[in-house]
Amino acid sequence: MQYRDFGKTGAKVSPIGFGMMRLPLNADGSVNEDAAIKLLRGAIDGGLNYVDTAFNYHGGNSEKITGKALQDGYREKVYLATKAPAWMFKSGDDFDTILDKQLDRLKTDHIDMYMLHAMNAIAFEKKVMRYGVLERLIKAREDGKIKYIGFSFHDKLDVFKNICDSFDWDFCQIQLNYIDTEYQAGIEGLKYAASKGMAVSIMEPLRGGYLANVPEAVKKVFDETGKSPVEWGLDYLWNMPEVSVVLSGMGTPEQAEQNLRYAENSYIGMLDNGGLDVIKKAQDIFASYDTIPCTGCSYCLPCPKSVGIPYNFVVYNNYKTGGSFEAEKKRYNEWIPMFGQKASGCIGCRRCEEICPQHIKISERLKDVAAVFES
């Protein structure tokens, strides 16, 4: 495994990081704890040394499972990253209370990479600045509770730059993949952060699995190269010197083994002009589709009316990217009700839109879904 520089920190991290948001599940939707622990430990044994979780993932169980998995000597083998839910802060004291709770959940005396979660203009101004959270981050570092300070981000590029300029950050975490190059921070934000010495961690490299199961036209482009859509998606990011680590939510041993194998073959500048041409062909095909930019993160759930929002969007996107209308309509009528109401159940309350990291106008797009499959 060739490890990469984590910005100005001096840390060396594996090209692939384990994202603890999409863990193996039991039939009832709860996390299969034993499988998750075995999966994470297997990835660490394979050379992965970066683990990313958050206070709210899986209702708080993600941090607890991570803490259990990192016992028996595994904690010393990794850089541990987690996030503070700034939207929950009602005072500066909440920062300290939550951090202490995270340390307890994670069964550790310090967190290596600590982030303010899902920063945007409002959260940064109304929560971070109002409650003196930056000063509390510095104090927590002085006390040895955290080592490196960063933030994850979901907003516009100018907001990203303003936050980068507001503090001497060690790192940041942004959404980036080959079809979101100008979305949120984008490529320009990646380069801007790196120019300040910040490490950059990448989330949604495959857009919640969307770029793993690509439309047939895109798959054909990739098949001609002998490399899978997943490998192309990851290689696109590893090619760039500004990328420190790429996070992947892994649900099976096969996915972990595959990602580790791809990571072992990665290096900066790995895509020659021919490789970039392949990516460009895929980008052009995706640009021709009318799809909804949902990553399946499920932050929008639960819906007050139990609408299965991300599941509705999956069916719509499948149809819009070349799927059979009859097959997707059948899924709309038979599959979606397993997870919640169909799109027509939306009452337009827009609560989901306030917390959607992708800033999707969910209520409007659900109308589009209903118009396609219920007209």
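In this predicted model, residues E33, A36, I37, L40 and R41 of helix α1 meet I65, K68 and A69 of helix α2. Sorted by class, this contact of α1 with α2 contains 5 nonpolar and 3 charged residues, with no polar ones. Helix α1 covers residues 33-45 and helix α2 residues 61-69, and their axes come within 9 Å of each other, crossing at roughly 55°. Because angles from 65 to 115 degrees are needed to count as roughly perpendicular and those under 35 degrees count as roughly parallel, α1 and α2 are oblique to each other. The crossing itself is right-handed.

A second helix pair is found further along the chain. Helix α13 (residues 325-334) packs against helix α15 (residues 362-374) at an angle of about 115°, the axes lying 10 Å apart. The two helices, α13 and α15, are therefore roughly perpendicular to each other. Here α13 passes α15 in a left-handed crossing. The residues that α13 brings to this contact are F325, E328, K329 and Y332, and those they meet in α15 are V369, A370, V372, F373 and E374. By class, the contact between α13 and α15 has 6 nonpolar and 3 charged residues, and no polar residue.

Attention now turns to the sheet. A barrel is closed by 8 strands, which follow one another in the order β3-β4-β5-β6-β7-β8-β9-β10 with parallel pairing. On average, and with direction ignored, neighbouring strands of this sheet are turned by 30° against each other. The strands β3 to β5 illustrate the pairing. Strand β3, made up of residues 16-19, pairs with β4 in the parallel sense over 2 bridges, and F18 stands opposite V51 in β4. Strand β4 (residues 50-52) is in turn joined to β5 by 3 bridges, and these two strands also run parallel. On this side the bridge partner of V51 is L80 in β5. V51 can thus be followed in both directions, to F18 and to L80.

How many of the residues of strand β5 are buried? The count is 6 of the 6 residues, 79-84, so β5 is largely enclosed by the rest of the structure. In a regular strand the side chains alternate between the two faces of the sheet. In β5, Y79, A81 and K83 point one way, while L80, T82 and A84 point the other way, and all of them are buried.

L80 also leads from the barrel to a loop residue. Apart from neighbours within four places in sequence, T108 is in contact with R75, L80 and L103. T108 itself is placed in the loop between α3 (92-105) and β6 (111-119). Its relative accessible area is 13%, so T108 is buried.

Another set of contacts involves helix α6 (residues 157-165), where K161 is placed. With a relative accessibility of 22%, K161 counts as partly exposed. Leaving aside neighbours within four places in sequence, K161 is in contact with E188 and Y192. The second of these partners, Y192, is 31 residues from K161 along the chain, yet their C-alpha atoms are separated by 7.4 Å.

Finally, some details of the backbone deserve a look. Most residues other than glycine have a negative phi, and most peptide bonds are trans. Against this background, H58 has a positive phi, near 50°, though H58 is a residue other than glycine. H58 sits in the loop between β4 and α2, and its relative accessible area of 25% makes H58 partly exposed. R350, likewise not a glycine, has a positive phi of about 70°. The loop between α13 and α14 (351-355) holds R350, which is partly exposed at a relative accessible area of 37%. As for the peptide bonds, the one that joins L301 and P302 is cis, with omega about 0°. P302 is found in the loop between α11 (273-287) and α12 (309-320).

Conventions
Residues numbered from 1 in each chain as written. Predicted model: local features only at pLDDT ≥ 70, side-chain atom pairs only at ≥ 80, totals over all residues. Heavy atoms only, no water. Axes fitted to C-alpha atoms, helices over the stretch in contact; angles between N-to-C directions. Helix = DSSP H or I, 4+ residues; strand = E, 2+ residues; numbered from the N terminus. Parallel < 35°, antiparallel > 145°, perpendicular 65-115°, else oblique. Left-handed = near helix turned anticlockwise from the far one by under 90°. Contact = heavy atoms within 4.5 Å. Nonpolar A, V, L, I, M, F, W, Y, C, P; charged D, E, K, R; others polar. Buried < 20%, exposed > 50% of the residue type's maximum accessible area, 1.4 Å probe, protein only. Pairing = 2+ DSSP bridges.
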